[in-house]
Amino acid sequence: MNACQDIVLSVEDLRVSFCNEEGKTEVLHGLSYQLPKGKVLAVVGESGCGKTVHALSLLKLLPPGGEITSGNVSYKGENIFALSAEELRKLRGSRISMIFQDPMTSLNPIRTIGSQLTETILAHKACSKLQATARAVRLLKKVGIENARKRLNEYPFQFSGGQRQRIMIAMALCLNPDVLIADEPTTALDVTIQAQILKLIKDLQRQSGMSAVFITHNLAIVADVADEVLVLYGGYCVEQAPVQTLFARPLHPYTQGLLHSLVSLKRKEEHLPAIEGYPPVPGSCLSGCPFAPRCPQATPKCREALPALQEKHGHKVRCWLVK
Amino acid sequence: MLRYVLRRILLLPLVALGVTFLLFFLTQRLSPEMRASLYIKDPRQMGALEEVIQKYGLRDNVFKQYGRWLGSALQGDLGYSQSANMPVSQAIKEYLPATIQLAVVTIVLVVFFGVWFGTVSAVKKDKWQDVCARMISVGGFSLPIFVLGLLLLMFFYGQLGWFPPGGYSISTDVVIHSPAFHSYTGFLLIDALLNGNLAVFWDVLRHLILPAVTLCIGSFALMVRVMRSSMLEELGKDYVRTARAKGLPEGAVVYRHAGKNAIIPVITLASIQFIRLLGGTVIVETIFDYPGIGRFGVTAAQQLDIAGIMGFSLMVAVLFVLGNLLSDVLYTAVDPRIKISE
């Protein structure tokens with residue numbers, strides 16, 4: 001990414017641990033990236049690699065037991081972790097918004113969607129309830145909910161999954177945030193709805209020129225929406241590059257494996273190629289490259305020491321094999 | 001909704017019929033002589049026993065006897081209670097308001113403090129507030145009601161003289177039976193306010209406090225636990241995370257979002273407790289010499305006053321059905337997902 005662009009969100013050496021009876025387990029081992037204005041960064045990885053934990057820690061929303069052990073997240077140069085509770089509250093939902101994975105459970109089941117939308121507006125803006133309602137109606141229309149004014153008085157269970165995610169999007173965008181963090185926003189939806197929701201997010205993002213962190217395990221989505229891709233594996237960033245570069249010339253064996261396992265219309269294969277083995281259990285891999293146990297090209301060195309993240313022409317990779 | 005309520009109310013006679021018949025059938029296990037003995041106050045009149053049995057037809061077939069009771073009950077005559085020395089319907093009219101008054105005050109205290117302590121306990125999980133609330137809750141569970149009642153009476157009446165036993169003082173008795181005092185509802189607290197007589201209101205309230213607190217403790221302990229676990233469960237849900245991510249103040253997250261969901265099990269518990277209080281405040285009414293319906297029921301049972309027993313159980317059955325109906329209706333008010341369907 002170009003250094004002279006405005007950086008809206010910058011993450012430096014973010015480390016997150018979880019505590020349980022057996023002690024502390026680090027699940028995110030020093031993640032760093034910068035998000036320029038108007039760009040979309042996709043964070044890709046398998047389940048359990050730390051994608052969601054990273055997203056939640058950006059706004060200090062980790063569940064009990066989760067702890068940010070070191071690092072900085074700054075929004076336009078201001079350290080989020082140093083903010084007071086009230087300053088953080090004002091930032092959440094207005095400057096930096098989030099969309100979550102499961103729209104079925106992410107809305108309060110016993111309050112109308114109108115009240116859930118307007119309370120967000122009222123929490124950040126000094127306006128009347130009437131104005132907030134008018135804004136909520138406009139937003140719902142914008143995200144494609146028909147009959148918006150009438151539907152404000154309905155409850156989440158009266159909407160379909162796709163509609164609920166549209167409402168979540170409306171809620172996230174109601175104060176024109178600078179950064180949208182979308183944590184697998186389409187995972188819980190079926191495929192046709194996925195495409196619609198994705199298009200909606202993409203269109204809204206381009207219209208408003210906001211930046212976005214898009215968390216997903218779906219590479220097809222990445223190719224569609226992202227400007228830059230960050231590949232997470234076992235809590236480490238293993239590769240980061242602009243989207244075309246990454247798809248054209250993946251350097252890390254894990255990224256290569258991921259891309260290889262995509263369905264292609266050109267190749268004719270009986271079985272879809274997959275990466276052998278399972279992702280590491282957090283806390284289990286103490287030395288060496290986290291991908292070494294599953295890597296087809298691993299050398300003894302890979303199992304002994306963790307490679308550093310090296311950068312060449314804006315393409316970062318964490319692998320001993322890349323010279 | 002309306003149809004549901006109507007249907008439930010239509011079901012009421014069926015429940016009442018079942019309960020009263022069952023009870024009537026059980027009382028028939030006692031010999032006619034035993035049932036007749038209630039009417040004979042003096043051992044020298046034992047010879048009249050057979051006369052009483054004949055007069056009231058106590059040897060008749062059980063269905064015939066039940067039919068007789070039912071027939072007069074349908075006409076509003078529940079019989080004469082020998083133990084209370086007045087007609088059963090009058091006894092209920094006289095004693096029930098005092099018990100309802102006590103139960104309402106108790107349940108208000110239970111819900112208010114239970115929800116409050118439970119919420120604080122959940123929000124401050126494992127902090128000192130939580131430890132305190134849990135200790136009070138365990139204490140409340142372990143303390144038998146009669147021990148607590150006697151201790152409170154000993155201290156607050158015996159030592160301090162603040163809260164006397166009984167339903168009201170003699171001075172109040174004079175006032176409320178004077179022609180100037182109108183009995184609008186039968187509930188002394190409300191009537192006192194309607195009459196603008198604050199002295200009576202305060203006097204009645206003063207007599208209510210100790211029995212209410214005593215009744216409160218056990219239910220309160222349970223309420224704290226239910227509210228705490230319900231609140232903890234809700235606080236861990238996704239929509240609470242959404243509420244925080246939207247930038248709502250923590251108070252709104254806890255009360256407006258999690259709290260409203262967490263209160264649903266409390267409604268069930270509160271209505272069960274309330275119904276239980278209406279029929280079962282016997283021990284407390286006895287300890288505090290409180291003129292409630294529980295004492296009437298127990299005395300009737302002790303003295304084999306069958307008319308009294310039947311009237312009391314009929315009343316409890318009706319209250320039970322109505323109480324359950326009320327809690328169903330309350331549910332729909334809180335949770336829009338519950339639509340009472342036809």
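Two strands pair if DSSP finds at least two bridges between them. Keep that in mind for the sheet on this tour, and remember throughout that you are looking at a predicted model.

**Stop 1: chain A as a whole**

Select chain A and colour it by secondary structure. You should find 11 helices and 12 strands. Turn the chain around: along its principal axes, the C-alpha trace spans about 65 × 50 × 45 Å. Is its radius of gyration what a compact globule would give? A compact globule of 323 residues would come near 20 Å, and chain A agrees because its own value is 20 Å. Of those 323 residues, 43% count as buried. If you look at contacts with a separation of 6 or more in chain A, 64% of them join residues 24 or more positions apart.

**Stop 2: the sheet of chain A**

Now select the strands β6, β7, β8, β3, β9, β10, β12 and β11 of chain A. In that order they make an open sheet of eight strands, with mixed pairing. Look at the two ends: β6 (96–99) and β11 (310–312) of chain A are the edge strands, each pairing on one side only. From one strand to the next, the twist averages 20°.

Next, pick out the helix lying against this sheet. Helix α6 (residues 161–173) of chain A packs on the sheet and touches β6 and β7 of chain A. The direction of α6 makes about 170° with that of β6(A).

Zoom in on β7 (residues 179–183) and β8 (residues 211–216) of chain A. In which sense do these two strands pair, parallel or antiparallel? They pair in the parallel sense, over five bridges. To see one bridge partner, select A:A182 and then A:F214, its partner in β8(A). As background, the strands of a sheet pair through backbone hydrogen bonds.

**Stop 3: two domains in chain A**

Colour residues 7–95 and 176–317 of chain A one way, and residues 108–174 another. These are domain 1 and domain 2 in the domain assignment of chain A. Their centres, taken over C-alpha atoms, are separated by 29 Å. Where they meet, the contact takes 15 residues from domain 1 of chain A and 12 residues from domain 2 of chain A. Which helix gives the largest share of the domain 1 side? Select α7 (residues 191–208) of chain A, which supplies six residues there. By class, that side of domain 1 of chain A has 10 nonpolar, four polar and one charged residues.

**Stop 4: across to chain B**

Show both chains together. In this meeting place, 18 residues of chain B are in contact with 23 residues of chain A. On the chain B side, α11 (238–245) and α12 (250–279) each supply at least two residues. The most comes from α11(B), with six residues. The side of chain B that touches chain A divides into six nonpolar, four polar and eight charged residues.

**Stop 5: two domains in chain B**

Hide chain A for a moment. The domain assignment of chain B gives domain 1 (2–84) and domain 2 (87–334). Between their centres, over C-alpha atoms, there are 32 Å. Each domain of chain B puts residues into the contact: 23 from domain 1 and 23 from domain 2. On the domain 1 side, the elements giving two or more residues are α1 (2–27), α2 (32–36) and β1 (80–81) of chain B. Select α1(B) to see the one that gives the most, with 10 residues. The domain 1 side divides into 14 nonpolar, seven polar and two charged residues.

**Stop 6: a valine in a helix**

Select B:V120, which sits in helix α5 (residues 88–123) of chain B. Why does B:V120 count as buried? Because B:V120 has 20 C-beta neighbours inside 10 Å, and 20 or more is the cut-off for a buried residue. Leaving aside neighbours within four places in sequence, B:V120 is in contact with B:Q129 and B:A133.

**Stop 7: helix α14 of chain B**

Finish at helix α14 (residues 293–302) of chain B, where the buried residues are B:I293, B:G294, B:R295, B:F296, B:G297 and B:A300. Show their cover too, which includes β1, α5, α12, α13 (282–287) and α15 (306–334) of chain B. Just beyond, α14(B) is followed by B:L304, with a positive phi near 55°.

Terms used:
Residues are numbered from 1 along each chain as its sequence is written. Chains are lettered from A and ligands numbered from 1 in the order in which they are written. This is a predicted model: local features need pLDDT of at least 70, side-chain atom pairs count only at pLDDT 80 or more; totals for chains, interfaces and linings use all residues. Two residues are in contact if their C-beta atoms, placed from the backbone, lie within 7 Å. Helices (H or I, at least four residues) and strands (E, at least two) are DSSP runs, numbered from the N terminus. Ala, Val, Leu, Ile, Met, Phe, Trp, Tyr, Cys and Pro count as nonpolar, Asp, Glu, Lys and Arg as charged, and the others, Gly among them, as polar. A residue is buried if 20 or more other C-beta atoms lie within 10 Å of its own, exposed if 12 or fewer, and partly exposed in between; C-beta atoms are placed from the backbone. Domain bounds come from an automatic or database domain assignment. The radius of gyration is taken over C-alpha atoms; the globule rule is 2.2 Å times the number of residues to the power 0.38. Axes are lines fitted to C-alpha atoms, for helices over the stretch in contact, and angles run from 0 to 180 degrees between N-to-C directions.
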